[in-house]
Each structure stands twice: as C-alpha cells, then as structure tokens.
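This report goes through a single protein chain, from one strand residue to the overall fold, the nonpolar cores and the charged pairs.

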Amino acid sequence: ISAQSVTYDNKRQIYIAEDDVVVTGGKTRLEADYVEFSNQTKDAFARGNVLLISGGDSITCNSMQINLATEIGTISKGSIFIQKNNFHIDGENIKKTGKFSYSAEKGSITSCPGDVPDWKISGRDITVTLDGYGTARHTVLWAKKMPVAYSPYLMFPVKTKRQTGFLIPMLTSSDRKGFEYDQPFFWAINRHTDATFYADYMADRGVKLGAEYRYVLSSATKGSIHV
C-alpha cells in the first residue's frame with residue numbers, strides 16, 4: 001500500500017489510506033482517493049476516482065467494495081473494460097460475481113469506445129461471463145443515440161477464443177447509404193485457416209455480400225483472399 005497518508009486501525013484491523021492511494025498484489029492494482037483494506041481478509045473499500053486493474057481488464061467507478069483475492073464485490077456507478085474482446089459495460093450498480101463474471105441491475109454493453117458508441121445494448125438484469133455468454137432482459141439496441149430494436153430477452157457470446165459463430169454487428173447511418181447493418185459470421189475452419197462472411201444491409205442501396213479467407217501455414221507462409 002502506498003499513499004500520502006496510511007494509518008492502521010487496531011480495533012477494526014484495517015489499513016486506512018488517503019490521497020493518491022495505490023494497492024498492488026500480483027496482477028491486481030487498485031487506485032483511489034480513499035481506501036480501507038484488511039490484509040487478513042483482503043477485503044477493500046475504495047471511493048473517489050477508483051480504478052481497479054486486473055490483468056488487462058479495468059474498472060472505473062465512484063466507489064467499490066471488493067475482495068482483492070476473489071475479485072468478488074459491488075461497484076457503484078462504474079464502467080468495466082474487458083480487454084480480450086473489447087467489451088465495455090456501464091451500470092449504476094454492478095456486481096463482480098467472479099474473476100471473469102459480472103452482473104448489473106441496469107446498464108449497457110458495447111464493443112465501441114467513446115461516450116456515444118456506434119452501437120450499444122442497454123437493458124436490465126445483465127449478466128456477462130468471459131469465455132461464455134451474456135444475457136439481458138428488456139434490451140434496446142442503439143445506433144449512436146437512436147433506438148432501433150427492442151427485445152424482451154437477449155443472449156450473446158462473450159468469447160475470447162476462436163470459435164465459429166456470429167460476430168458483433170456494426171451499425172452506422174449516413175446520407176449516402178442510409179441506415180446500415182453489417183452482420184459478419186466467423187468460421188473457424190481449423191488451426192491454420194478461417195473465414196469471415198459479411199452481409200451488409202444498406203437501407204438506401206440494398207445488400208452487399210462479401211467474404212475473407214485467411215490461412216497461416218508457417219511464420220513465412222500466410223495470406224488472405226477477399227471476395
């Protein structure tokens with residue numbers, strides 16, 4: 001633990017750190033303005049400009065109650081970034097139910113950065129398990145600031161390994177093409193080859209189909225074919 005001020009409460013058996021607080025251990029790093037930490041239980045309470053980094057993933061929030069060993073806890077008004085598949089999860093009351101799983105009573109999910117992403121899914125009772133699936137109820141699909149579709153229930157993949165299936169769609173809108181929905185499908189053929197098929201719907205121009213085939217036979221032999 002490092003901070004401008006660190007004291008120990010004998011009665012509660014916790015460290016109290018204030019101002020420029022950094023708590024590190026293994027691949028986990030916790031930064032905040034104020035932290036209470038028990039070295040026995042590994043429980044931590046943090047508030048003010050909170051940043052938790054675990055491996056390549058990060059959480060920013062107003063306040064957090066978490067066990068740094070199990071990485072289970074609650075996050076108040078937070079944003080989660082999952083690096084492996086570029087997922088952003090925002091919510092007012094998020095629970096970290098494990099090292100690789102999250103839930104939120106109300107929030108949004110996207111793979112696009114920025115305050116106004118190209119697309120996002122908002123909903124209630126959201127659950128996300130890395131290398132598994134995510135679910136949400138009463139979901140709305142947004143194209144930037146415009147709601148475009150509603151579903152009472154939605155299940156979506158949250159995979160980090162190569163696996164055949166639909167990829168995250170791209171939603172855009174322009175004066176030349178109108179509303180555009182691009183749905184790619186990935187085919188993991190084997191360890192050395194794969195392919196992606198595209199179906200691009202443009203409201204003002206129709207449907208455009210495409211495909212990309214990729215192969216890697218060795219470090220010196222690789223390539224791709226676009227159709």
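In which strand is S108 found? The model is predicted, and in it S108 belongs to strand β8, which covers residues 101-110. S108 has a relative accessible area of 12% and therefore counts as buried, the cut-off being under 20%. Leaving aside residues up to four places away in sequence, S108 touches H88, I89 and D90 on one stretch of the chain, and K120, I121, S122 and I126 on another.

**Overall fold**

The protein has 17 strands and zero helices. Its C-alpha trace spans about 70 × 45 × 30 Å along the principal axes. Of the 227 residues, 37% count as buried. Among contacts between residues at least 6 apart in sequence, 25% join residues at least 24 apart. The exposed area of the protein is about 13400 Å², and carbon and sulfur atoms supply 53% of that area.

**Nonpolar cores**

The largest nonpolar core has 31 residues. The residues with the most contacts inside this core are L30, V35, M64, I80, I82 and V128. For L30, the residues touched, not counting those up to four places away in sequence, are V21, V22, V23, V35, A44, A46, V50, L51, L52 and M64. V35 and M64 thus appear both among these contacts of L30 and in the list of residues with the most contacts inside the core. A second core, separate from the largest one, has six residues, including C112, I121, L141 and L171. I121, a member of this second core, is also one of the residues that S108 touches.

**Charged side chains**

The protein carries 27 positive and 24 negative side chains. The centres of the two sets lie 6 Å apart. A search of the whole structure finds six salt bridges. Three of them are listed here with the distance between N and O atoms.

| Salt bridge | N to O distance |
|---|---|
| K96 and E71 | 3.1 Å |
| D194 and R214 | 2.7 Å |
| E212 and R214 | 3.2 Å |

Which parts of the chain does the pair of K96 and E71 link? K96 lies in strand β7 (residues 87-98), whereas E71 lies in the loop between β5 (57-67) and β6 (72-82). The two residues are 25 residues apart, and the pair links distant parts of the chain. Are the partners buried or exposed? K96 counts as buried because its relative accessibility is 2%. E71 also counts as buried, because its relative accessibility is 7%.

The salt bridge between D194 and R214 likewise links distant parts of the chain, with D194 in strand β15 (residues 193-202) and R214 in strand β16 (residues 206-216), 20 residues apart. R214 also meets E212 in a salt bridge, and D194, E212 and R214 are linked in a network of salt bridges. Within this network, D194 counts as buried because its relative accessibility is 12%. E212 is buried as well, with a relative accessible area of 17%. R214 has a relative accessible area of 22% and is therefore partly exposed. The network thus joins two buried acidic residues, D194 and E212, to the partly exposed R214.

Notes
Residues are numbered from 1 along each chain as its sequence is written. This is a predicted model: local features need pLDDT of at least 70, side-chain atom pairs count only at pLDDT 80 or more; totals for chains, interfaces and linings use all residues. Side-chain values use heavy atoms; hydrogens and water are left out. A nonpolar core is a set of buried Ala, Val, Leu, Ile, Met, Phe, Trp, Tyr and Cys residues joined through side-chain atoms within 4.5 Å. Buried means under 20% relative accessible area, exposed over 50%, partly exposed in between (1.4 Å probe, protein chains only). Contact means heavy atoms within 4.5 Å. Helices (H or I, at least four residues) and strands (E, at least two) are DSSP runs, numbered from the N terminus. Accessible areas come from the Shrake-Rupley method with a 1.4 Å probe; for residues, only the protein chains shown count as cover. Lys and Arg count as positive and Asp and Glu as negative; His and the chain ends are not counted. The place of a charge is taken as NZ of Lys, CZ of Arg, CG of Asp or CD of Glu. A salt bridge is a side-chain nitrogen of Lys or Arg within 4 Å of a carboxyl oxygen of Asp or Glu.
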